[in-house]
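Student: I should like to work through this chain step by step, from a single residue to the overall fold. Please reason each reply through before giving the value or name requested.

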Amino acid sequence: MTEITSEVERKTTTTTALGELPQNILFGGLAGVLGTSIIFPLYTIKTNLQSSHSHYSYSTTSRTSLAFISQQWKIGSVIRSIIGREGWKGMYRGLTPTLLGVAPEKAIKLSVNDMLSSLLSDEQGKTSFKNSVIAGGGAGFCQVIATCPMEMMMITFQTRASQGQTAVPSVVHLAQELGIRGMYKGLLATLCRDVPFSMIFFSTNAQLKQQFQGSSETLDISYVFLSGISAGCLAAVLSTPMDVIKTRLQSANSPYRGIIDCFVRTLREEGLGKFFSGSIARACIVSPLFGIALLFYEIQKRLASSLDN
């Protein structure tokens, strides 16, 4: 009898998870657009920090540390350079393809993680840490179909402008120029960044929410935001080295042949600290982006649930 009951519960969980998928895709897309619109100038700063080239010796720990610190605090000069070259609109260079891509990207990321977490949950509806990591990795893997072309176009818009090249007339023009193969340049690097990022982010976020909720029936909405920004900050910093490699591979006129070539040449020519270039800007992007996205996502889900009831 117990086995029959458990089987019924598992089928119910699966049906519920799949039934909520379309709704969660919509909510995730809207949440992503809202969050990205608010913090987009930081994307521009991060791309310029990571794509720029400088030369540091990494023969000693102290020099590596100085290189790392120097990279982080170039933010002010990068902002002045962008505004001086393009005006304030330069801070939003590449916004259109990003918004077109972030809606499906966040829709896939948030909804797939929710679905997999539900499918991997126990009889009480709780997901273990190990299964949270698996669900996050699955979400990160699935989102890349939207993430790679979106970021390829955004980075091309931004780096061509920073290199003084002729501005791209439109998103359609750039899509035609790049073609499908060009828009998926750096696909492997994107996977190597996004799968570990999502594994760290979603598992950490789930653990924080469990700790904050304690024995309460529902989690206070403010803790949804706090969990999102905390998990986002940790995952952003830890995944920065691969983000640097991905950005360089996707930059206009990239001289690198692949991930290994980019890693070896960057390490030899600019030092270890370069792999954490833009980590502060990246943390400042990802933390509020996921905090806002998860907050808005959760509010929509709760409103939809209350209307159903």
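**A helical chain, residue by residue**

Tutor: Let us begin with one position in this predicted model. Ser 251 has a relative accessible area of 8%, and because buried means under 20%, Ser 251 is classed as buried.

Student: Between which two helices is Ser 251 placed?

Tutor: Ser 251 is in a loop. The helix before that loop covers residues 240-250 and the helix after it covers 259-270, which are α9 and α10.

Student: Which residues does Ser 251 touch, not counting those up to four places away in sequence, and which backbone oxygen does its side chain reach?

Tutor: Not counting residues up to four places away, Ser 251 touches Ser 51, Ile 155, Thr 159 and Lys 185. As for the side chain of Ser 251, a distance of 2.6 Å separates it from its partner, the backbone oxygen of Thr 247.

Student: How many helices and strands does the chain have?

Tutor: Read along the sequence, the pattern is α-α-α-α-α-α-α-α-α-α-α. The count of strands is zero, and that of helices is eleven.

Student: What share of the contacts with a separation of 6 or more comes from residues 24 or more positions apart, and what share of the residues counts as buried?

Tutor: Among contacts with a separation of 6 or more, residues 24 or more positions apart account for 82%. The chain has 309 residues, and the share that counts as buried is 47%.

Student: What distance does α7 reach from its first C-alpha to its last?

Tutor: Helix α7 covers residues 187-213, 27 residues in total. At 1.5 Å a residue the expected span is 39 Å, and the value in the model is close to this, at 38 Å.

Student: Which residue follows α7, and what is its phi?

Tutor: The helix α7 is followed by Gly 214. The phi of Gly 214 is positive, near 60°.

Student: Which residues have the most contacts inside the largest nonpolar core, and which element gives the most to this core?

Tutor: The largest nonpolar core has 26 residues, and those with the most contacts inside it are Tyr 43, Phe 197, Phe 201 and Phe 290. Elements giving two or more residues to this core are α1, α4, α5, α7, α8 and α11. With eight residues, the element that gives the most is α11.

Student: Which residues of α7 are buried?

Tutor: The buried residues of α7 include Ala 189, Thr 190, Arg 193 and Asp 194. Also among them are Val 195, Ser 198, Phe 202, Ser 203, Thr 204 and Asn 205, together with Phe 197 and Phe 201.

Student: At which residues does UniProt place the feature "transmembrane region"?

Tutor: The feature comes from an unreviewed UniProt entry. In the model, one span is 100% helix, with end C-alpha atoms 29 Å apart, and the other is 83% helix, with its ends 32 Å apart. In that order, the entry places them at residues 25-45 and 275-297.

Student: Is Arg 302 buried, partly exposed or exposed, and which backbone oxygen does its side chain reach?

Tutor: Arg 302 lies in helix α11, and its relative accessible area of 33% makes it partly exposed. Leaving aside neighbours within four places in sequence, Arg 302 is in contact with Leu 219, Ile 221 and Val 224. At 2.6 Å, its side chain reaches the backbone oxygen of Leu 219.

Conventions: Residues are numbered from 1 along each chain as its sequence is written. This is a predicted model: local features need pLDDT of at least 70, side-chain atom pairs count only at pLDDT 80 or more; totals for chains, interfaces and linings use all residues. Side-chain values use heavy atoms; hydrogens and water are left out. Helices (H or I, at least four residues) and strands (E, at least two) are DSSP runs, numbered from the N terminus. Buried means under 20% relative accessible area, exposed over 50%, partly exposed in between (1.4 Å probe, protein chains only). A polar contact is a pair of N or O atoms within 3.5 Å; within protein, one must be able to donate a hydrogen and the other to accept it, and residues adjacent in sequence count only if both atoms are side-chain atoms. Contact means heavy atoms within 4.5 Å. The expected span of a helix is 1.5 Å times one less than its number of residues. A nonpolar core is a set of buried Ala, Val, Leu, Ile, Met, Phe, Trp, Tyr and Cys residues joined through side-chain atoms within 4.5 Å. UniProt positions are given in the numbering used here, feature names are shortened, and annotations may be inferred rather than shown by experiment.
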